[in-house]
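User: Could you take a close look at the sheet in this one for me? I'd like to follow how its strands are put together.

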Amino acid sequence: IVPPLFFGAPFEEWFYRSLVLLVIACPCALVISTPVSIMSALTSAARNGVLIKGGKHLELLAGVHAVALDKTGTLTAGTPTVTDIIHLDSLSSEEILRIAAAMELRSEHHLADAFLRKAKHDGIDLSDMNVEAFDSVPGKGVRAIVNGKPYMIGNHPLVEELGLCSPRLESVLGTLERQGKTVVVLTDETGPLGVIGIADRLREESRHSVESLRRLGIEHVILLTGDNAGTAQSVAEELGVDEVRAELLPDQKLEAIGDLKKRFKTVAMVGDGVNDAPALAAADVGIAMGGAGSDTALETADVVLMSDNLSKLPFTIHLGSRALAIIRQNVAIALITKAFFLVLGVLGMTSLWLAILADDGATLVVILNSLRLLRSSEP
């Protein structure tokens, strides 16, 4: 309008140029550059057994600087096995297991299955065990009244808290912990009755996954576990993690995530149990193990590894980085193409059909570039 009105330029020529500018200014490629990339990445993740609950979490994965890992059910296979039953009182090993298994029938803790499998394997009948007043002590153990008598099953910190530790008990606990085993103690009103050692093998892919995280540029890998310090240190040395925090209650895991967020820009937490839920919610990205994970952990997490394969963790972080890189590429392609043809349009050096071709061409290039995410694989 301006050149014909004020400078006497031909109206038809400038009207044509305005139509060219109108076509070029259509932001098709720019508008779809992000959603197409995110949808491609989410589809690729789903095909590989990873559920990401939205594009926001995908983009946050690209900026993760530290990864916190739970031990049991995450780094380990999640199939704990009772390996040792040591009696400290008049109760036999069979009676200790019988009481422990009866109490764990009502527990949702991942170690409960170990007692029940052992009892079944040994042919122990639990039908006559009357369990009342069952109560869970988060991160420490459970208490209940079995056949009219109160009992408690707890970890090392709980026994110390109750003031029931003795040199003999400490010796037994120390021996089992140095072997990398999880240790629980059965007690009654009089004191410790028996010690039960539980072992859970590391997942085959755990070490490879930690190494892959380092190759992706993750600055810090930390082990957060409610297990005893001896077992945690043994696992950490085998995997080569940077830091270990053991014997943590759920609220202490939450505090640990808060500390990591102060030290590192973006933190991811990987866990599977009820005790991990607060930490999963507090982390920038909460990642749950789908198969072994509790309902609470799965609901709280932003990402779920449905195949229970820890090697999908570096894949997911790598996918987030690739998605963000491709989004930036798409935005650059769209803006550069538009800017170039806008200049040509103002100068009258391009035609309407070339403008249409440029607009649709840029859109097509952005779509094809985004579809590369469908072929994402493990780093």
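Analyst: Let's start with one pair of residues: Leu-223 stands opposite Val-244 in β10. Before going on, note that this is a predicted model, where local features need pLDDT of at least 70, side-chain atom pairs count only at pLDDT 80 or more, and totals for chains, interfaces and linings use all residues. Residues are numbered from 1 along each chain as its sequence is written, and side-chain values use heavy atoms, with hydrogens and water left out.

Strand β9 covers residues 220-224 and pairs with β10 in the parallel sense, over three bridges. Strands here are DSSP runs of E with at least two residues, numbered from the N terminus, and two of them pair if DSSP finds at least two bridges between them.

Now the whole sheet: seven strands make it up, it's open, and the order runs β1-β13-β12-β11-β2-β9-β10, with mixed pairing. The edges belong to β1 (50-52) and β10 (243-245); each has a single partner strand, so one side of each is left without a neighbour in the sheet. On average, neighbouring strands of this sheet are turned by 20° against each other, direction ignored; the axes behind that are lines fitted to C-alpha atoms, and angles run from 0 to 180 degrees between N-to-C directions.

Away from the sheet, there's helix α1 (residues 2-7), where Phe-6 is found. Phe-6 counts as exposed because its relative accessibility is 63%, and exposed means over 50% relative accessible area (1.4 Å probe, protein chains only).

Key. Helix = DSSP H or I, 4+ residues; strand = E, 2+ residues; numbered from the N terminus. Buried < 20%, exposed > 50% of the residue type's maximum accessible area, 1.4 Å probe, protein only.
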